[in-house]
Amino acid sequence: MRIILVTGLGGAGRTTVAAATALAEARAGRRVLLVSEDADPPADGGSLRVLRPDPAADFRREFLALQARSGAALDLLGATPFEDAELTELPGSRHFALLRALRDAAHGDHDLAVVDLPPLTEALALLALPEQLRRYLRRLLPPERQAARALRPMLAQLAGVPMPAQWLYETTARWEAELAAAQAVADAPTTRVHLVLEPGPAATRALRTARLGLALQGLALDAVVANRLLPADSDDPWFAGLAAEQHRNLAELRTAAGVVHELPHLGRAPRGAEDLALLAPVPPAAPLAPAPGHEVEDRREEDGVLVWHIALPGAVKEELALVRRGDELLLTVGPFRRHLPLPPALRRCTVTGAGLVDGDLRVRFTPDPGLWPRTP
């Protein structure tokens, strides 16, 4: 199943573009699911269905389920359980509701899901969240510790009280499975990201931020959409000056992005299916570009090293930092940070250098003689 993730600068019209994209795909004969908190698709959307994440209801449902599973431990502590009516969602609940909606979008009787993500910075944090939380869970509650679960009934009898570890590990395993499912959807080769921008001084910077943040997560930016373009020919001097400035920024955006899909400003808020039909980006004719990869090049015969290539388009040396910790590489680039697990071959090596060449980070590893097999 194809997934299109739509994000962009705040106020650039990403929700409208997401709805227009979904409507165009539905009118082309595809069964489409639109995931959005705010989009209002037209009644004549055909095979278009809408899934609206509800953070408040999602939080209450998950909290009450967790409370029910940990009832024995709460009784032991003398805690008073919450009721549905007194629960209010906590900050961050929206992110988890969106992740569950993203997970659910990959299943069902539709051919395509269009997901209306939050503004760019928030969307990049959202897409990185599953991997980050899974890492925290593995460090704090390692799965291998569950091997001692057979001892817990005996320990409970000796202590005379129920042991909370069982429900804690069961809850952790459930969270791990849900986060892994959401991460799998984002990482799938059929998932692509569309970036919606209104040509202006911040557009090119936003494009660089998007490319860098997505590449660090191994995601591809498939389309750049320039929205709300003003007509260039106007007799009004004020309007003509505004349009000229916008088109200068558009030219810079074309230079940076290569291909830009241009959508007109309608002069009003879009109303109904016919307006949305004017705002559907034209899908690219070329095949989808592969997502940025992390490839290992074997140069032991030439230079005695293995080179790990990590695509970081737009990265600059001054904003780059590398630290190896065990079997991970902590990579910081600009405002982004990610812990990259080392490929198995590189875990038996030591880092001996790194360089950045045209957006390609090349980390050199020298095999550890004590860990590599001897060759005749």
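## Cavities and the largest pocket

The second largest cavity is lined by R14, E37, D38, R94, L98, D116, L117 and P118. In this predicted model, that cavity has a volume of about 40 Å³. Its lining holds five charged and three nonpolar residues, with no polar ones.

In total, three cavities of 30 Å³ or more are found in the structure. The largest cavity is bordered by L127, A128, P130, E131, Q183, A186, D187, Q217, L219 and R338. Two elements, α5 and α7, give two or more residues each to this lining. Helix α5 provides the largest share, namely four residues. Five of the lining residues of the largest cavity are nonpolar, two are polar and three are charged.

The largest pocket is lined by 22 residues, and those that lie nearest its centre are F59, E62, F96, R100 and W175. At least two lining residues come from each of α2 (55-69), α4 (93-105), α5 (120-140) and α7 (165-187). Among these helices, α2 supplies the largest share of the pocket lining, with seven residues.

The table sets out the volumes and lining classes.

| Space | Volume | Nonpolar | Polar | Charged |
|---|---|---|---|---|
| Largest pocket | about 510 Å³ | 13 residues | two residues | seven residues |
| Largest cavity | about 70 Å³ | five residues | two residues | three residues |
| Second largest cavity | about 40 Å³ | three residues | no residues | five residues |

Helix α5 gives residues to the lining of the largest pocket and to that of the largest cavity. R135 is also found in helix α5. Is R135 buried or exposed? R135 has a relative accessible area of 16%, and because buried means under 20%, R135 counts as buried. Apart from neighbours within four places in sequence, R135 is in contact with E328 and H339.

For the chain as a whole, the secondary structure comprises 11 helices and 14 strands. The chain has 376 residues, of which 40% count as buried. Of the contacts between residues at least 6 apart in sequence, 65% join residues at least 24 apart. The accessible surface of the chain is about 19900 Å², and carbon and sulfur atoms account for 57% of that area.

Terms used
Residues are numbered from 1 along each chain as its sequence is written. This is a predicted model: local features need pLDDT of at least 70, side-chain atom pairs count only at pLDDT 80 or more; totals for chains, interfaces and linings use all residues. Side-chain values use heavy atoms; hydrogens and water are left out. On a 1 Å grid over the protein atoms alone, a cavity is a set of points where a 1.4 Å probe fits but cannot get out, and a pocket is an open set with protein on both sides within 12 Å along at least five of seven lines; lining residues have an atom within 4 Å of a point. Grid points are joined across faces, edges and corners, and a volume is the space filled by probe spheres set on the points. Ala, Val, Leu, Ile, Met, Phe, Trp, Tyr, Cys and Pro count as nonpolar, Asp, Glu, Lys and Arg as charged, and the others, Gly among them, as polar. Buried means under 20% relative accessible area, exposed over 50%, partly exposed in between (1.4 Å probe, protein chains only). Contact means heavy atoms within 4.5 Å. Accessible areas come from the Shrake-Rupley method with a 1.4 Å probe; for residues, only the protein chains shown count as cover.
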